[in-house]
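Please look through the structure below before reading on. The paragraphs that follow explain its parts step by step.

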Amino acid sequence: MTYRFSPEVKKYTIKMAASSETTLKKPHVGKKRKPPKRYWEGTEEDGKNDGKKQKEGDNNKQTPQQKKTRTKEGGKRGGTGEKKVISGKSDPFPGSAPVPEEKLRKFKRGDKGELPPRPQYKLRAVVVRSEAASDLAQKQNARYDLMLPEDAGFLEGDEDEDTCTISQDDIADAVDITAGAKYFNLTLSQFGPYRLDYSKTGRHLLLGGRRGHVTSLDWQSKQLMCEMNVMETVNDVKWLHSEALFAVAQKKWLYIYDNKGIELHCIRKFNDVLRMQFLPYHFLLATASATGFLQYLDVSVGKEVAAICTKAGRLDVMAHNPHNAIIHLGHSNGTVTLWTPNQREPLVKMLCHQGGVRSVAVDKTGTYMVTSGMDKKLKVYDIRSYRPLQSYFLPAGASCLSLSQRGLLSAATGDIVQVYRDVWGTPVTKPYMAHRAKGSVWGVHFCPFEDVLGVGHGEGFTSMVVPGAGEPNFDGLDANPYRSAKQRQEWEVKALLEKIQPELIGLDPSQLSQVDHSTWEQRHEDRVQALGFDPLAKEKFTPRLKTKGRSSSGKVEKRKKQVAHEDQRDVIRQTVEDRMKIDKERKEKKKKEAAAAGQKSALDRFRK
Amino acid sequence: MKVKVLSRNPDDYVRETKLDIQRVPRNYDPSLHPFEVPREYTRALNATKLERVFSKPFLASLDGHRDGVNCMAKHPKSLSTILSGSCDGELKVWNLTKRECVRTLQAHEGFVRGMVVRFCGTSFFTVGDDKTIKQWKMETPGYGEEEEPLNTILGKSVFTSIDHHQKEGVFVTCGQQVDIWDEQRSSPIRSFSWGVDSFSCVRFNPVETELLASCASDRSIVLYDMREATPLKKVIMNMRSNTLCWNPMEAYNFTCSNEDYNLYTYDMRYLDKPFTVHMDHVSAVLDVDYSPTGKEFVSASFDKTIRIFPKDSGHSREVYHTKRMQHVISIKWSSDNKYILSASDEMNIRLWKANAAEKLGLLAPREKAAVNYSQKLKDKFQHHPQIRRISRHRHLPKSIYSQSKELRVMKEARRRKERNVRKHSKPGSMPVVTEKEKHVVTVVK
């Protein structure tokens with residue numbers, strides 16, 4: 001049984017608070033003692049089914065005599081009365097604690113549909129049961145969310161101090177040693193500029209220098225895993241599903257190495273690759289090449305899934321949407337195209353910039369896309385509706401973009417890395433943080449689950465501390481930075497078992513769970529065709545034969561009219577009512593306007 | 001300047017000693033778990049495939065009879081005991097856990113036609129071709145004692161079936177007429193006949209214990225009330241029904257196995273058309289038994305297969321067959337809802353799992369959770385074409401496969417002809433007769 005506070009209780013208590021003039025706005029009980037401030041304050045609950053509770057709450061503040069009668073009633077009611085403790089005190093917080101509304105919203109999955117009509121009682125019962133189960137799950141998730149151990153980082157400046165003026169050294173000094181050690185520079189001036197990639201857990205870093213230097217390391221413990229020079233140009237580097245494998249796009253072919261740096265595969269089908277993206281749940285490595293080909297490699301079985309000729313020239317701007325595994329490609333004519341392996345044509349073509357597109361990034365929830373172009377603009381799009389939200393002008397233009405798990409945007413302009421906060425909300429005027437790298441920046445990447453931004457530049461690599469960038473609480477079964485070798489092996493087996501097939505990639509990943517009406521209609525049509533009649537057709541109403549002249553043709557027609565269009569009546573009534581309402585409102589508005597126009601203002605008397 | 005940077009203490013996230021289990025911190029935020037639906041779908045697909053991999057329903061064959069097994073009876077109190085009677089009059093009592101015969105006795109001359117264990121489980125009744133009803137003790141006679149019936153009643157004609165009342169000392173037999181007997185008397189206390197020359201099966205209703213239903217050779221199913229002198233009503237169908245079984249949970253429903261390859265589930269109150277027609281067999285259906293949950297039933301057919309039907313589905317969810325199993329004559333669903341026993345012509349009783357992919361024996365809690373989870377997933381995605389195709393796929397013997405194909409072609413041809421006739425005749429002159437209405441001739445009260 002779950003008891004919740006009803007809105008009426010709240011009203012009552014608010015009134016009490018106002019009369020006694022306490023500072024507390026919404027105490028939970030009407031007692032004068034000041035209760036401690038609780039985290040759920042200001043949440044609203046639905047008190048539909050807890051009318052009883054409210055009465056009890058009212059009774060709480062009655063005189064002792066009334067209390068006696070109430071307890072008697074409670075005794076009669078059985079289980080509904082509140083529990084009595086031996087001391088005689090009643091529980092000031094009866095029932096289970098309410099769950100904050102915004103937490104509940106976070107775990108909401110879709111809207112509730114309408115219940116099927118009563119005659120379909122079995123289906124109705126199934127729907128009711130499943131909705132109750134999902135409600136419970138949502139509530140329990142929200143409760144669990146309150147107990148997560150870590151809080152996100154933050155950086156606040158003093159009065160009239162911009163956070164973007166705070167240097168990395170200051171931050172490293174201010175925080176504890178382990179966090180401070182996350183700001184470091186690797187001086188690798190010989191083989192730069194560097195591209196980089198963090199593994200999915202955020203423990204491992206992969207660096208690829210333009211002139212052939214490839215190295216992978218456990219960046220927190222600064223342990224080198226492998227280091228080599230491939231003696232060829234390196235265009236891009238990417239971790240595959242775990243830290244045991246990584247892919248390197250070299251001058252001609254695509255190579256796959258293991259964590260010791262041993263070359264496992266040279267994939268000759270993938271030539272002149274410039275950019276790579278790895279789709280972790282599909283085990284797909286998507287590559288964009290200088291010849292204009294977008295290719296997908298299934299790394300679990302080593303097969304090429306799709307090779308699409310984009311006919312858009314050199315492809316050196318690429319991002320993937322983590323929400324639906326769609327690849328975004330930026331082109332030199334200012335368009336961004338969206339691709340799946342299932343279609344030879346782009347799903348969407350967006351004209352984003354007047355010049356060429358320099359960089360694209362998509363946020364974790366798949367809602368926003370940030371692009372930067374040769375026209376020195378930085379634009380934010382809502383990619384659910386393909387609508388521009390914000391447009392910023394950056395004096396130098398951004399060459400590399402990266403979005404963090406908590407929505408920070410890093411943009412590299414020349415040798416300066418700027419980090420912006422909340423670029424899709426209110427227009428941002430100042431960066432959140434800024435840092436000047438030693439060389440021109442070649443790649444930026446936020447480290448998952450850490451407040452760290454990796455910057456690869458001409459003179460090596462810089463690991464920046466960006467407070468508030470990373471998701472503070474990881475999920476141990478999905479990406480666990482602290483996993484042991486055994487755990488990694490088990491995770492790998494499970495992940496491979498639930499590898500999503502490339503055919504399931506589409507704009508809406510939840511489409512599989514929706515009802516397929518069109519197929520049903522088609523099948524029904526086929527069935528009608530095969531049977532020669534519609535098995536689901538409603539029988540036509542034939543009035544019963546009545547005696548004593550009550551079945552004259554006129555009366556029969558009358559009876560038929562009574563049931564005609566019975567199913568549509570409610571809809572028609574509703575629409576008519578709505579229309580009348582709108583008409584009425586319009587008329588009233590007109591009247592008001594007319595009255596306002598007719599009214600004389602106070603200044604009219606001075607007019608001649 | 002106020003600053004806080006994420007800095008986790010690894011001690012909070014890794015286990016302290018090797019003896020501990022690993023720590024797995026969870027975060028259920030949906031944005032950390034993308035592709036929820038496609039991943040669940042993939043899991044459901046894997047679960048469905050694994051179900052097909054692990055579906056090995058055949059458990060054991062109990063051999064020992066020297067002629068075809070004609071009937072079986074469940075013990076109401078002991079799950080491990082089953083009785084079987086064969087065509088040479090021999091009766092065997094089996095222990096299912098040991099899978100061996102514990103007792104053999106020569107019950108009748110000629111067929112053992114019917115058998116029923118008394119509700120208390122201390123004795124059982126048999127009827128045979130020698131026109132007798134015999135009552136036997138369930139206990140094995142001691143050393144030196146002879147196998148003798150407690151009681152023998154000599155009837156006038158051959159009895160074909162017997163059933164016992166749920167809680168009183170009354171039983172019912174059928175043959176040329178339906179007789180109700182008191183255990184203490186040697187002549188029936190009541191006899192019913194309704195212009196029929198023979199009955200093949202009679203069953204007490206498990207809930208409304210005074211009600212009876214019987215299958216008669218004039219293609220009818222007759223309902224009786226034990227307290228009344230005359231039968232209640234009957235429904236006459238196109239073909240003869242062999243046996244019937246009441247649904248133990250919704251006891252106003254019963255299912256009969258018909259000679260026209262179908263099974264029909266009727267609501268006792270509305271006999272004018274069956275509630276569901278269960279098709280899939282390709283030969284006459286000989287026996288039917290409900291699961292104790294009343295959600296499913298199993299049918300035995302002359303086409304050498306067993307099929308399991310959900311009670312409200314027109315088609316079977318499962319078909320069992322082996323190379324050696326001949327015409328299946330009798331079938332029982334065990335009282336713990338886990339096993340199915342089939343008795344067939346070639347002298348064997350076979351033990352099957354009711355749920356082919358189920359793992360037998362004790363399950364660890366995590367195993368149980370995994371089974372429940374995958375079951376839920378399968379339910380959720382059951383209508384997806386890929387999953388439905390895999391879960392429905394069964395291998396059938398060639399003869400049955402080709403026969404069912406032939407039947408399908410015949411049915412389609414008939415339907416096509418009807419459609420064409422309807423198309424070219426006056427509208428309304430060819431009324432649509434549904435599959436349910438087709439098989440019922442009339443209801444007599």
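Helices (H or I, at least four residues) and strands (E, at least two) are DSSP runs, numbered from the N terminus. This is a predicted model, in which local features need pLDDT of at least 70 and side-chain atom pairs count only at pLDDT 80 or more, while totals for chains, interfaces and linings use all residues. Residues are numbered from 1 along each chain as its sequence is written, chains are lettered from A and ligands numbered from 1 in the order in which they are written, and side-chain values use heavy atoms, with hydrogens and water left out.

Several spans are annotated in UniProt, whose positions are given here in the numbering used for this model, with shortened feature names; such annotations may be inferred rather than shown by experiment. For chain B, an unreviewed UniProt entry lists "repeat: WD" at residues 62-104, 278-319 and 321-362. Residues 62-104 of chain B are 0% helix and 58% strand, with end C-alpha atoms 13 Å apart. In residues 321-362 of chain B, the strand share is 43% and the helix share 0%, and the end C-alpha atoms are 27 Å apart. For chain A, the unreviewed entry in UniProt gives "repeat: WD" for residues 350-391. That span of chain A is 60% strand and 0% helix, and its end C-alpha atoms lie 15 Å apart.

Chain A as a whole contains 11 helices and 29 strands. Of its 608 residues, 45% count as buried, a term that means under 20% relative accessible area, whereas exposed means over 50% and partly exposed lies in between (1.4 Å probe, protein chains only).

Where do the nonpolar residues gather? In soluble globular proteins, nonpolar side chains tend to be buried together. A nonpolar core is a set of buried Ala, Val, Leu, Ile, Met, Phe, Trp, Tyr and Cys residues joined through side-chain atoms within 4.5 Å. The largest such core has 32 residues, of which A:Leu294, A:Tyr296, A:Ile327, A:Leu329 and A:Met369 touch the most other members. Strands of chain A that each supply at least two residues of this core include E13 (293-298) and E16 (327-330). Apart from this core lies another, of 25 residues, among them A:Val175 and A:Tyr432. Contact means heavy atoms within 4.5 Å. Leaving aside neighbours within four places in sequence, A:Leu329 is in contact with residues including A:Leu294, A:Val317 and A:Trp339.

Some backbone details also deserve attention. Most residues other than glycine have a negative phi, and most peptide bonds are trans. A:Ala325, although not a glycine, has a positive phi of about 60 degrees. This residue is found in the loop between E15 and E16 of chain A, and A:Ala325 counts as buried because its relative accessible area is 1%. B:Lys304 is not a glycine either, and has a positive phi of about 70 degrees. B:Lys304 is in the loop between strand E24 (296-301) and strand E25 (306-310) of chain B; its relative accessibility is 33%, so B:Lys304 counts as partly exposed. A cis peptide bond, with omega about -15 degrees, joins A:Gly192 and A:Pro193.

Finally, consider a residue of chain B. B:Asn348 belongs to strand E29 (residues 348-353) of chain B. Is B:Asn348 buried or exposed? B:Asn348 counts as buried because its relative accessibility is 14%. Not counting residues up to four places away in sequence, B:Asn348 touches residues including B:Ser61, B:Asp63 and B:Ser342.
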